[in-house]
Structure formats: C-alpha cells, structure tokens
Amino acid sequence: MQKRINQQNNLSLETELCKTSFGDTSVILSGPEASDIHKENVQKLTSMSDEELLNAKNELINSMDGKLIEFLKSKRNNDSKCGKYDLKQKDSNRIKLFDTQNKIKEDKMKQLSYMKDLVNNGLNMDVIEEEKLGWTGDVNVENENKDVYTARFGLDGKLLPYIIENKTTVDGLHHHGEEQHRPGYTIDELYSFLRKNHAPQRILALDVLSKLINNASSYDSVLDQPLLCSLMDSGMFLLLRIALDDTSIAIVTNALKAMGNLFSRKSDRSILTGLSGCNCNIALPVYIVQDAEISQSELEKSSDFDLVVLDLVQGALRTDLILRLQYIVINLNIGSSCLLDITEILTGIASRGEKFAFLVVETNLFKHLYSLVFTNLQSDDLSEMFIFLTRVISSQSVKCALKLLEMKILDSIFKYINNPTKTPLLLECLYLWQTFFEYKLAGQTITEVANLVLKFVDRSVGLSADLTNTDLSLMSASLSLIDSALRNFGQIYIDPVYQLTEIILAKLLSSSDLPNFETSKLIGNCFSVLSSKNLKFNSVSLKAVEYLNKHFGKICEILYDKSWLTSNYVNNSPKCYPSLGYINLSLNGGEPLFMLIGLMKFLCSNPSHFNIPKQFWAYLNKLMKSPIEVSHWYCRYEIIFLIYLLKTLKNVQFDIDSTHKIAITLMSFIPKYMAEELESIKYESNFEILKSFYELLIPNIKSTCASVLITELNPILPKDWLFLPILKIHETDNFKSSKEGEALLKEALANILFMETNHPEVCEQTPLAARYCRVACTFMCGRRGTIFHEVKSVLNQIWHVYAAQNNNLNFKDPIQGVESFYDFYKTLCEHYVSVSYSDTVFGAYVLLPLQRKHSVELRKLVWSEIELPQTINIDEEHLDRIPLHNYTQPVETNTELLKMYTRIIMGDRYNIHSQLEHLQSKYIGTGHADTTKFEWQVNQHRDSCASYLGHYDLLNWFGIAENEAKARVRFNLMEKMLQPCGPPPEKPDE
C-alpha cells in the first residue's frame, strides 16, 4: 500500500515538474527582468531530484500563509482571463482577451479602452488590473433619487441635491468615495480633511464648516435631525479648538471664523436688537443650560468631549479657549475680522450667566480689546459688537455692571454720543447707558440725560417732514432712557420732554393707518414715559381713547392672525448651547402690539372708559383654547399687554365676568420671571380660584431687571393648572394626610366644578382621560383615604359632567402625567375594595373604564386579580347616565376573558356563603355559624384590648387608675390578648 502511494506521488510529481509545465513566462512576475528570473527558476527546479522537490514544496507550503498561497494560485488561474500586453508591438491591437466566454469581464475591459495609449508608457503598465484602474473611468451615475440619503454640502456651505442634472466637468465636487456620482462632501469627509496634515485641505474644511454653521438653521426642515445639533454631538468644537493651536495664520483665521459663527447666535441678536427699547425694556436673555445645572464635582468627572456635548461654554473654558484667544490677539498678526469673531465668542460665553460674564470681564483679553476699541470708538462692526458685549456683561448682575464702571466705560461712550456717525452704534450706547440705570448705577450722569436726549429728540422730530425709521428708532431709544431715569431716580426736570412727547403723539395718532413696527414702538414708549410718574394728562387720555375706539377692533384682528402666543414656535438649537428659537416674526411690517402695551400702561394711570370690540373676545377665546405650551422669549409681550389690560379694566370697574375671563386666560401663560403678576391678578381681578395654594408655586426669581433667564420663560402653571392642587396633595405624603391638604382639596374640587361648568373651553385643553385621572386621585387622599365621603356631592357633579362627554373618553392613548393607566386603575380599584364601603359615587368612577370600548386588560384585571365584582355598588342614577349596553355591547370575543366569566358563573365563589367565608378568612371577629360562646368572648376581649392599646388617652387613664407606668399597662394588655378568657374548654368528642 505504501509503495502504491509513493508511486502515485512520484507519478504526479513527474507530471507536475515537467519542464514544459512551467511555461515560457512567469505568471506572478512582470517587467523586463521577469523572463530572466523565470529561466533561472526553471533551471534550478529541473536540476533537483524528485525527493528534493517534494521536500522543498512541503517546506515552502508550511512556511507560507494560506491566504497568500490561494492568492498565488488565483494569479495562475486568472492568467488566461485577464489578458496581456505585448511588449514589442505598439499598435492598437496590443490587448488580446483570452476569456471570450466571460461577457461581464469583456464589457468592463471595453470601458477601459481609453487606457490603451498608456500601455508600456509607465512602470508596470503591461498588465491590466481593472480593480485598480476602475477609478479612472466614467462615474456610474445612479439616476434614481432616494427618499433618504446622506447630506452633502458644497464649498459654499449649501446643501446639494442628490444629483446635479446635465452637469459639466467643472460642476459639483468630484471625489472617490462610496457615492462618487454625487457632488459635495459629507460632514464626516470634512472632518477627515480637518485631521489631515495638508494645510490647504484643513483650510478648505474650516471654510466649508464655517459657512455650514452659518446656514445650519436653513436645512432643519429637510434633515432627519437639526444640523447644528448633529455638529455639536459629533464633537466639532474640539476639532475647531485643535485648529486654533496651529501655527499657520490661515488655519487660525478660518478656525476663528467657524468658531465665531458657532458662538454668534446671529438670528437671536438681530431680533433682540430690533426689540430692544420696546416699551422701554432692554432686558437680554441669559442662556442657562438646564442639564448642566449640577454640582461642580459631577462636572469635573466628565471627559472633555462629554462636557462639550453637555455644555459648550463650560467645555470651551476647560480647553483654555480664552487663554489661546488672548495669545492670538497679542502675538499673531490677525485682521479686524478675526477680532470681530473673537468678540462674538466672548459674547456667547458671557451670555451663559453671571459667573461666566464676570470671568470674561476679568481677563486680560477683554481689557486688551477694550483698549483697542474704546481708545478711539469707531463706527465699525467691531465697535458695535464690543458695545453689545459690554451690554451683555453688564446685564448679568450689579457686580458685573460695577466692574465695567470701574473701567470708566461711560466716558468713552459719552464722547461718541456727542459726535455720533452711525445710528446702530449710537443705539447700542444708549441701551448700555440705560442698563446701568436699571441697576440704579451711574446716577452722576442723570443731569445729562434731559439735555443730551432732548437734543436727539428735537433734532429727529422734524414735525413738518415724514420721519424715517432711523429717526423713529433713535427717538424710541432716547425715550426709553428717559423712562428708566424716571423709574429709578425719581423726579428730574424733564417737562420739555413731556411737552415734546405730547406733540409726537398728536402727530402719530392723527394718522388713519395703523403704524408700522418702528412707529408702534415709538408710540408705546411715549405712553410709557407719560405714565412713569402717575401724572395726569387729560388731553392725551381723550386722544388715546378716541384712537382706541377707532382702531382697537382692527388691531385685535391682527393679533388674532399673528399672535405670538399661538404661533408655531420652533427651537432646534442644541441643548448644550440654546438659543431663543424661531417664530414667524417680522419687524418690518405692521406690529401694533407695542403701541397697545404702552397705551394700556398709560390708561392704567389715567383711567378712562373705552369700548372692548368683539374681535378682542374672539382673540381671547383663541388663546383660551390654544393647547400650545408657551415658553419662549417673544410671547412675553402679549402677556404684558393682557396684564395691563386687566389692570385697566379693573380701574374702570369693568364687568367682573370679563375680567375673570382674561385672568383665566393668563393663568397658563405667565412665565416664572413674572411670578409677582400672579398675585397681581388675584388682587386686581378678585378671582376666587387664586387662593393661597398657588402662592406656594411662585418660584424664587433669579432674573434681574436687565436680564431674563431662559429657564424662567416657562409658565408658572401648566395647562392643567386647575388640577394641580389635587396632584400636589396626592404626591406629597405629609400634605396628603393633613387637615390643610383636605381643606385645599375641597377648595380645588369646587374650583374644578366651577370651571367645568362655566369655562369648559379652558378645561378642554386637558384631555378628558387626564382630567378623570386627576379627579380620581381625590379618592386616594385624606387622613384615612376617605376624604371623598366629605366631598361626595361635588365629585358626583363632576362625574356627571364627564359622563356627558363619554364619547371623548379614551384611556388607550398615552395620558400626560400617568406612566401606565393600567397601574393607576389597579391602585384605584384596590383602594375602592379597601375603604369605599361600596360607595356609589366611588363605584361610578371605577365603572367608567370598564366600558367595552376601552381596553380588555382592564376588564381582565377586575375579574381576576381584584375582588371588585363582589363589592361594586352602582345606583340607578349613574346607570341611567351611562347606558348598560355600553358595558355589554359589542359582544365579548376575548377567549381568555370568556373563560374567566365561565369559571365564575359555574363556581360558587360569589354566592352568599362564599362571601361570608371570605369575610371570616379576613376578619375573624365576624364569626360564623359554628362559632362557640368561648370563641365569641375571646374575640370581644381581644378587640377591646387592641382598642385600649391604640388610644393614647385610655392608656394614660388606666395608668393613673392602676398606679402603673404606661409601658407596664401596655405590656399587660398585650399579654392579656393571648388568653383573655383563660384556657379554652375541652371540646366534646364527636
């Protein structure tokens, strides 16, 4: 057998090692020396014996990787398929395909026909390797437009379509990635460029990212998630921060541009600039990051990447961003555009809060920029931006404002105000001056206010000519400054201002057309100045009432259509760096709201009767029915208007029901930073629903007179504020079982019944199922969980209100505030079985979810886990309200539930005997037919002892009577409970 194997190996080896079997050329090698090497190899192999060849072969195979062996074999096998170049001929027929049967390969080779001219003109170009040369061919364009595809952006930072039709060779951006037929670069590809060592690639990536950040909000509607959020979550800031450390000026410049756009909030600033001075208010937002309001120790545990994703400003400060910016400004030769970007970055940091603003003003970088700008205040973008930065810093707190005053910043501002050349910069200077007034600072400049501002107002009025928007905005800012001086520093001599204000109002109110934004802003500020010291202006009052009676209806129609409270508010900003969001807001068209606010503020101090048009009540009804949870910056202006209107109507003793309706509407809109207005509404409207409980909800306000925390823009009370007392009582254990809680619960239920009956549109903002759950919580409150017995009549009336809307009752959809209705209903049923004593009103509430239209799981619950069927008690009053067929139709089809019905009907669990046995098993003292006299006496004695132990006063009385300590009396009673009537008698044998 072994000989036969050796003979076969030798035979196969002879066949394999035949000289002609090696071929004339090498399969693996190529090039001019391949032939010589192949001849040497063949000569050496033929000189070796068969055994030597076999041993060499085995040794070689054992020392080589299997994948390499397969690759070498595939090279030999594919030799006849890939084709070869003839090294001698130079004509166009040099390529010969040996595999004519492989049509796919042949088609691919035809696509590479343009490569024939390169044959033999380069190193190793004698073999066609289609996988390597495929990139040189035409791009295989997929004309199919996909619904969802990767976003690609052009060099201008704009989102590109899936493909560009009829493009030329210079259109789009050509690359060799997975989607080479598509133009543009993905964000990941830009990041890869940013990590390259090649400077032009990094500059290109930074330039595109800068433009991309600037246009980010434009694409939120077409991307699966907001672009800026995606950039933040991907850690883009850290890449920009690394780029700032580069030694190349070009890279640093582009990195500053990108980072400046990231911190700028340009859309917010443009709106804030326009709204500054409206109704003499210049407050700026403080961009608090709610998720980052945790202990410093927790923040320190976070990595740099996690901290940047959590809070951009704190993450940036951890990377020593300000120190790097300081080095760049002082040591590198950068232009004014870079200084502007640095100022944008500092503004973004200072807007984060008082701590961060004070940190900025303490840095050498800020002092250096201050010396550059304020040494010679120029009318350029840098000066304007730096004034805005100082205004942001000063608005954070008195501490920050005092720090700026120490730098004598007002001296430089006054120099520019005396000789202004650019209105936007002049406006920022006036608003900064007013910011100091709001903190009752810079009082030494109060004497200059009247003369200085009057000069601008008098020069701008031009009563015989039409006023430009520049004139109007300058006059508005001047009057806003005067109003602040009057409010914070008392009486100053500005009688000429009053006279001039009356002249301005007479001119502007005489127009038959509604005012545009700037005119409305000026009219509102005029009225604010006239009402600042509660002086009487009878002539102005008459003109104001006349104008209001004429135009109030049309103004309310505009508010109905363009209400900022009910607008589609969108805020796609990242949580780590929030912004004010977006509403459909135009400051170029007609916006009479600001005029209306000033007018109502004036009529508050100068009461006069005026007509309330029907358009106003339509607008108010729209607000009452609005389901929108308002919590943005722009809604506060309409809220201020409604508050002043409510105060005005109270002063003129308007109809009480109308004032109540306005107060009800305001309840779910008032933001936290205006918490004191909640008490004002209670006082002004004499509204009984606002009791002492709601005062407990008023938060500690952290906003200042010159700034508002964006976290305090949220409403004090939610849309379901009416049910809030019940929820608070139910969730607070101590409050839940206190007399104060029970009194408040009764009050809350009375308010709910009043609102459900008289103002159902307010209650309907909360779904009926949610209202049911909140009222049902009453059954689980009270000192013994039985407070519902004392408010049964009110609960019964509320149940009838809800039963009348039974068609709207839906427990299948998610209920706000209730994680699982199944669990809630189970708790409610268990409470009913335990303490209800088969109360009919409680039973009516329990029965509502058992209608056939609701989940079958609820019916399974009461027929299996809870002993509800034996205790439920419903009277005719409630059964008539909800027809019986609601509980029986349609016919039950659930197999599992039908089995439960059958098992209960066929069994004796719910007959009278089983009920008594069930009571006996739970309460032994109830007795049964076989209870003996001795057992009955034992139960009575034990019950008495237990009662004595549970009543503190009886223990004291027994202790005094027996002259024993209370602990000894308690011990004796517990010991007596073992055998209170002595040992049991012997039972007779059966």
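Let me start with one residue: A216 is buried, at 4% relative accessibility. This is a predicted model, so please hear everything that follows as computed from that model.

A216 lies in a loop, the one that connects helix 9 (199-214) with helix 10 (227-233). What does A216 touch, once residues up to four places away in sequence are set aside? The answer is L227 and L228. There is also a distance to report for this residue: its C-alpha atom is 8.9 Å from that of G157, and the two residues are 59 apart along the chain.

A second loop residue is S397, placed between helix 21 (381-396) and helix 22 (398-406). Buried or exposed? S397 counts as buried, because its relative accessibility is 8% and the cut-off for buried is under 20%. Without its neighbours within four places in sequence, S397 has contacts with E354 and Y439.

Now a third loop residue, L29. The loop in question runs between helix 1 (2-16) and helix 2 (34-47). L29 is partly exposed, with a relative accessible area of 39%. Together with I28 and I37, L29 makes a nonpolar surface patch of about 230 Å².

Next, the interior. The largest nonpolar core holds 246 residues. Which of them touch the most other members? They are F263, F616, F641 and Y825. As for helices, helix 24 (residues 423-438) gives the most to this core, namely 10 residues.

Take F641 from that group. Leaving out neighbours within four places in sequence, F641 is in contact with F552, L559, L593, L596, I597, M600, F616 and Y619. F616 in that list is also one of the core residues that touch the most other members. Apart from this core there is a second, separate one of 5 residues, and among them are C945, L955, F958 and V969.

Finally, the chain as a whole. How many helices and strands does the chain have? There are 51 helices and 4 strands. The chain has 990 residues, and 48% of them count as buried. Its exposed area is about 51,000 Å², with carbon and sulfur atoms supplying 51% of that. On contacts: taking those between residues at least 6 apart in sequence, 73% join residues at least 24 apart.

To recap the three loop residues: A216 is buried, S397 is buried, and L29 is partly exposed. That is what I have for today.

How values were computed
Residues numbered from 1 in each chain as written. Predicted model: local features only at pLDDT ≥ 70, side-chain atom pairs only at ≥ 80, totals over all residues. Heavy atoms only, no water. Patch = residues over 30% accessible without salt bridge, like charges linked within 9 Å, V, L, I, M, F, W, Y side chains within 5 Å. Areas by Shrake-Rupley, 256 points an atom, 1.4 Å probe, with all protein chains shown as cover. Salt bridge = Lys/Arg side-chain N within 4 Å of Asp/Glu carboxyl O. Helix = DSSP H or I, 4+ residues; strand = E, 2+ residues; numbered from the N terminus. Buried < 20%, exposed > 50% of the residue type's maximum accessible area, 1.4 Å probe, protein only. Core = buried A, V, L, I, M, F, W, Y, C linked by side-chain atoms within 4.5 Å. Contact = heavy atoms within 4.5 Å.
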